[in-house]
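Me: Please take a close look at one part of this model, the parallel sheet and what it touches. Walk me through it strand by strand, and say what the terms mean as you go.

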Amino acid sequence: MNRAGPLAGIRVLEITKVWAGPYAGKLLAFLGAEVIKVESRANLDEMRAYGGVDIDSAPYFRSINQEVLSVQVDMKSAEGMAYLHRMIALSDVLIDNLRPGAMERSGLSYEAVRAIRPDIIQLSIKMYGSDGPLGYQTGYAPCFAALGGLNALVGHEGETPAGMNIRYGDSTVGASAALAIVAALHHRETTGEGQFIDLSAVETLSTMIGDSLFAHGLTGDLPRAQGNAHAEMAPHGCYPCTDGQWISIAVADEVEWTALVATLGAPLLGQDARFADHASRLVHRTALDAAIAAISITHDAEILAETLLLAGVPACKSQSSLDLIGSEALWSLGAYRLVTDARGDARPVIGPGWRMSPDEAPIEKGAPLLGEHNIYVYGDLLGLGEGELADLMARKIAY
């Protein structure tokens with residue numbers, strides 16, 4: 001299918017599930033690649049079952065698979081694998097995030113795939129990568145963050161680590177995968193060589209904690225969770241407001257501190273010896289946060305944020321998901337795109353964070369129905385007739 005964008009003409013075959021692999025595919029699709037998801041009714045992507053009334057309406061799946069095509073292939077049958085091999089021969093990139101050893105057991109090791117298409121780029125996402133003493137282990141995004149050292153740094157000092165949401169771990173790994181694929185495509189363009197990319201999810205997440213390790217090396221302080229605290233700012237955090245809302249405030253100097261005290265109408269705060277200067281506020285940040293929270297709880301977050309900004313104090317309402325979808329600023333920026341699925345339902349989705357000119361890929365199609373593009377893949381790409389495809393579907397080769 002013809003698409004615009006910098007990756008137009010690139011075909012990506014996905015044998016992926018859940019989030020990290022599909023997220024990489026979505027980003028490549030947002031750049032203009034034709035991304036085909038290989039799946040089957042007998043071996044569904046778990047995301048098709050999360051929170052939806054049927055396998056074509058699960059919110060997680062719909063949010064991660066825009067502009068992606070779906071083809072059904074029974075990978076447990078020799079005939080299904082033969083058709084998959086033909087799809088690989090027509091593809092530039094193959095992505096998987098299956099359990100360790102699954103691709104090899106299916107006859108899809110890099111050596112086998114390269115025998116089908118010598119210049120293919122194959123990327124495999126595993127918890128610890130494909131090699132090494134821990135290569136046999138598998139896990140999900142919370143495991144990546146815990147083993148990568150992030151969990152211990154998330155939360156408030158002295159409390160149980162809060163851990164990382166699945167969105168952060170899997171999306172970070174997926175974005176890293178997409179970046180590596182783009183680099184490999186550039187390498188192939190200049191050398192003609194394909195590549196095998198062995199991506200370790202744990203190592204990807206561990207790259208986020210380098211500052212804490214450097215700090216330990218320089219100061220000897222053990223890395224620990226610090227909540228919303230900032231090494232050079234106080235107050236710096238989220239404070240409760242009315243109706244369950246929150247406001248984020250950051251004060252960098254005496255000018256901003258004076259403006260904060262005046263705007264909050266809290267002269268006693270300014271007179272408290274514990275908060276007399278910048279150094280004192282850093283030492284007594286816990287008491288300072290409690291004092292501000294006792295005042296902010298009586299205010300509307302949005303009104304207070306606007307008032308503080310006008311006074312020169314960095315502040316904003318801590319946005320909820322519903323706040324974001326109703327944000328006029330984000331709509332005006334083009335952050336949301338309207339996509340339509342095969343049922344004709346139109347809905348806004350969050351697009352990429354970039355704008356490209358003059359050749360940006362359109363984002364118009366929602367996540368695919370299971371097997372929605374069987375006719376395109378088996379018919380247009382592989383050359384099968386309607387009767388042949390009907391036979392494959394009846395025999396559950398395309399099921």
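Reply: In β2, Arg11 of β1 has Glu34 as its bridge partner. The two strands run parallel and are joined by 4 bridges. Strands pair here if DSSP finds at least two bridges between them. Helices (H or I, at least four residues) and strands (E, at least two) are DSSP runs, numbered from the N terminus.

A word on the source. This is a predicted model, in which local features need pLDDT of at least 70, side-chain atom pairs count only at pLDDT 80 or more, and totals for chains, interfaces and linings use all residues. Residues are numbered from 1 along each chain as its sequence is written, and side-chain values use heavy atoms, with hydrogens and water left out.

Stay with β1. Strand β1 covers residues 11-15. Of its 5 residues, 5 are buried. Buried means under 20% relative accessible area, exposed means over 50%, and partly exposed lies in between (1.4 Å probe, protein chains only). Arg11, Leu13 and Ile15 point one way from β1. Val12 and Glu14 point the other way. In a regular strand the side chains alternate between the two faces of the sheet.

How does the chain get from β1 to β2? Helix α1 (residues 20-30) joins β1 and β2 in a right-handed β-α-β unit. Right-handed has a set meaning: with the strands pointing away from the viewer, the path from the first strand over the helix to the second runs clockwise.

Strand β1 also pairs with β4. That pairing is parallel too, over 4 bridges. Leu13 has Leu94 of β4 as its bridge partner.

Now the whole sheet. Its 6 strands follow the order β3-β2-β1-β4-β5-β6, in an open sheet with parallel pairing. β3 (68-72) and β6 stand at the edges, each with a single partner strand, so one side of each has no neighbour in the sheet. From one strand to the next, the twist averages 20°. For such angles, axes are lines fitted to C-alpha atoms, for helices over the stretch in contact, and the angles run from 0 to 180 degrees between N-to-C directions.

Two helices that pack on this sheet deserve a look. Helix α3 (residues 78-89) touches β1, β2 (34-39), β3 and β4. Its direction makes about 145° with that of β1. Helix α17 (residues 374-381) touches β1, β2 and β3. The direction of α17 makes about 75° with that of β3. Contact means heavy atoms within 4.5 Å.

Move on to β5. This strand pairs with β4 in the parallel sense, over 4 bridges. Ile95 stands opposite Leu123 in β5. Strand β5 pairs with β6 (residues 195-200) as well, again in the parallel sense, over 6 bridges. There, Leu123 has Ile197 as its bridge partner.

How many of the 6 residues of β5 are buried? The count is 6. Ile121, Leu123 and Ile125 point one way from the strand. Gln122, Ser124 and Lys126 point the other way, and they too are buried.

Lys126 has a charged partner. Asp96 forms a salt bridge with Lys126, with the closest N and O atoms 2.7 Å apart. Asp96 is in strand β4 (residues 93-96) and Lys126 in strand β5 (residues 121-126), so the link joins distant parts of the chain, 30 residues apart. A salt bridge is a side-chain nitrogen of Lys or Arg within 4 Å of a carboxyl oxygen of Asp or Glu. By this rule the count comes to 21. Asp96 counts as buried because its relative accessibility is 1%. Lys126, at 6%, is buried as well.

Compare two other bridges. Asp45 and Lys37 have their closest N and O atoms 3.0 Å apart. Both residues are buried. Glu157 and Arg224 also form a salt bridge, with the closest N and O atoms 3.0 Å apart. Glu157 lies in the loop between α6 (141-147) and α7 (166-191) and Arg224 in the loop between α9 and β7 (236-240), so this pair ties together parts 67 residues apart in sequence. Glu157 is exposed at 52% relative accessible area. Arg224 is partly exposed at 40%. Elsewhere, salt bridges that share partners join Asp92, Arg117, Asp119 and Arg188 into one network.
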